[in-house]
Each structure stands twice: as C-alpha cells, then as structure tokens.
Amino acid sequence: MRIGILTGGGDAPGLNAAIRAVARRAFQLGHRVSGVQNGWAGCIEEGLIDELTPASVRGILPLGGTILGTSRTNPLKEKDGITRVIQALKHGGIDALVPIGGDDTLSVAAALHEAGFPTVGVPKTIDNDLSVTEFCIGFDTAVGVVTEALDRLHTTASAHHRVMVVEVMGRDAGWVAMMGGLAGGADLILIPEFEVTLREVVAHLYRRRGEGKLFSIIVVAEGAKVPELEADGGGQAEKDAFGHVRLSKRGIGDLLSGNVERETGFETRVTVLGHLQRGGSPSPTDRIWATRLGVAAVELIVAGKSGVIPIRRNGGVEVVPLADVVKETRRVPKELYELSRVFE
Ligand code: F6P
C-alpha cells in the first residue's frame, strides 16, 4: 500500500516528529510513503506529491516547522474540491491518507472519508481546541515559549515598575494564554471564553499598586473580548480561506496596553509573542505524543480503518471518529479560569 502524509493549517512544533513516525512505521510494515506538499494545496495543484524514503525522514525529529510545507488552502471552498483532491491522490498512487492538522484540516479529512477515500487523522494545533483529545501537537511547546517569555518579562517589569501586556495566540479558545499564564505567574489572564471589561482591568491594576505590587503582567489571548475596545479592534477584517479573521492584525495587546496606560497613568509596554509560539524545536512531550499518535495512525490505516483519529485520553492512546474531534471547539472551563483568579 502507498500511504500519503499531509500537514495542513498553521505549522506547529512536533509536525516533523509525526511525519517521521508515520513514515517509519509504514516502512517497517512494508508499505510505501508519499508526502503531499503544502497541505491541501498539494492536492489541488499538480506535481506536489513526492516519494518519501527513510533518508528523507532522517534527522527531522527535533526540527520545528514541517518538511512537507503547509497552507490554509480549503478544498471545501473550491469547486469540486473533494473530488479533485481524491483524483490528485489517486494520480499520485496514494491508497490512504494521514492528514495532520487542526479543526480545519481535519474537517476536510472527514469529508474525504465521507467521499470514500481511506483517511486517518492526527491532531495538531497549538490552540489545543480540538474536542475529545487531551493532546494536540504543538501546544506543549507553545506553552513553554509563553512561560519562558513571562519569566523574562517579570524581571524587566519589576525593574521598571511597569505593566506588561503579553499577547499570545488563541482565536476562540484561551488555552495557550491560560496554561502559559498559570505556568509563568501572570497576574491577569484575559481569554475569549470569559469577558473582562477595561474597567475591571484598571481596577485590578490599582488594587495591586495599593497592595504595594509595583508591576503587573497581563496575558491576553488574541481573541479575548474587552467590550470597551471592540469598536477600535473590529475594523481589520482580513480573512483566510477558512473564513478566520487574521487576529494578529486586530492588535488586542496594543489596544489594551494603550488604554491601560491612558486610564491608569502606569507606564505600560506590550509584547506580542506571535509566531515565536509556533517556531523552533518541539518539547519532549510534543515529540513523544506526535510519535505515539503517528504510529497509531499508520496501524489504523493498515488495519483498513478510515474516518477515525488516534487521540490521547486518560493518559493513553484511544481511537475516536474524526467527526468527534471537529464537532465543537474545546474551550477553557470555568474551573481553570477560577484557578487563575486566585493569583490576581
Ligand atoms: O494555528 C492556529 C493559530 O495559531 C491561531 O491561534 C492564530 O490566530 C493563527 O494560527 C495565526 O496563524 P497565521 O498567521 O499562520 O495565519
């Protein structure tokens, strides 16, 4: 059998570990492997499917990014998109596909399965917002980046008695902000799930000053809602192929920082961590679970399964329908949000 591998959506540290795992297990079981370049774009445009060999996946375990390239191309938005994808895969001699991605990529994967093409996914997104699974490739590394940034920002914030606003990724779910903020000792964490007003932020900062705390660290997810700032931030509506507004252009961190300084008079600085959170070498957890789930995906394909995805649940690998992980956005629960408020 020839197994195809594709990485789609935003890149994440650990994608190469997954590609290596899929390929190595497939070779071990006597199968051939092809890499589709640049996500679903590689199935729509011609000539973007290449043979992968043991040599082409050697040495990639610690590398960030993806050797296959990625894109946000969405075949569901193209005329006859799924039919064209299947044609391209068949033309490339591919019998079954392992797409590695988040909700967008895996929605296309589910459609491919529905259309009859054998497909088994692998969960990836630094946003950590897929349903059911307790692990998504890239999230652990992103949390590590935020934690290190907060450690560094603490010392300079303290030296200058400043407010530091740190904008992190997280469109609809605030997992990176919440876990990074908890690990890095943020004083206030603003996430899309729970609205906080500018008035509350300002009151919080005054209270801290009143208690003799001369600096504050605020972590804000790019998709967080601060009602008083909505009018300012709503203008930037550039969207990708999956219809998502490019939140980095919304600039919630900058807006919040400017408004906080104006309202309080406290010197305030903003740091936007942006794509630093997605770059560089994967953490051991991302490498290990990308490896476990990549191997599991191939074993499912070889066993003739389709429309499913291996995930982490209760600390082990379990297999669930692809449709289950994309059916809703997994959000930060109230309990964790309340936990973060203990440290305000
Ligand atoms: O991968 C998901 C994500 O990290 C979102 O949190 C963020 O809004 C988006 O990617 C930005 O990605 P890009 O700049 O590649 O479009």
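Which residue in β8 is the bridge partner of M164? In the predicted model described here, that partner is I217, and the pair belongs to a longer register in which strand β6 (residues 163–168) and strand β8 (residues 216–221) run parallel and are joined by six bridges. These two strands are part of an open sheet of four strands, arranged in the order β7-β8-β6-β9 with parallel pairing. The edges of this sheet are formed by β7 (188–190) and β9 (268–272), each of which pairs on one side only, and neighbouring strands are turned against each other by 20 degrees on average when direction is ignored. Helix α5, which spans residues 139–160, lies across β6, β8 and β9, and its direction makes an angle of about 165 degrees with that of β6.

A further open sheet contains five strands in the order β3-β2-β1-β4-β5, and here the pairing is mixed. Because β3 (49–52) and β5 (122–123) stand at the edges with a single partner strand each, one side of each is left without a neighbour in the sheet. Within this sheet, strand β1 (residues 2–7) pairs with strand β2 (residues 32–36) in the parallel sense over five bridges, and R2 is found opposite R32 of β2. Two helices can be placed relative to these strands. Helix α1, comprising residues 15–28, lies across β1, β2, β3 and β4 (96–101) and runs at about 180 degrees to β1, whereas helix α4, comprising residues 103–114, lies across β1, β4 and β5 and runs at about 160 degrees to β4.

The surroundings of the ligand were examined next. Ten residues are found around the ligand, and of these R72, D127, E222, H275 and R278 come nearest. Sorted by class, the shell consists of six charged, two polar and two nonpolar residues. Polar contacts of the ligand involve both side-chain and backbone atoms of the protein: an N or O atom in the side chain of R72 is 2.9 Å from an oxygen atom of the ligand, and for the side chain of R278 the distance from an N or O atom to a ligand oxygen atom is likewise 2.9 Å, while a polar backbone atom of G170 is 3.4 Å from an oxygen atom of the ligand. The ligand taken alone exposes 400 Å², of which 83% is buried by the protein.

Notes:
Residues are numbered from 1 along each chain as its sequence is written. This is a predicted model: local features need pLDDT of at least 70, side-chain atom pairs count only at pLDDT 80 or more; totals for chains, interfaces and linings use all residues. Side-chain values use heavy atoms; hydrogens and water are left out. Two strands pair if DSSP finds at least two bridges between them. Contact means heavy atoms within 4.5 Å. Axes are lines fitted to C-alpha atoms, for helices over the stretch in contact, and angles run from 0 to 180 degrees between N-to-C directions. A residue is near a molecule or strand if one of its heavy atoms lies within 4 Å of it. A polar contact is a pair of N or O atoms within 3.5 Å; within protein, one must be able to donate a hydrogen and the other to accept it, and residues adjacent in sequence count only if both atoms are side-chain atoms. Accessible areas come from the Shrake-Rupley method with a 1.4 Å probe; for residues, only the protein chains shown count as cover. Ala, Val, Leu, Ile, Met, Phe, Trp, Tyr, Cys and Pro count as nonpolar, Asp, Glu, Lys and Arg as charged, and the others, Gly among them, as polar.
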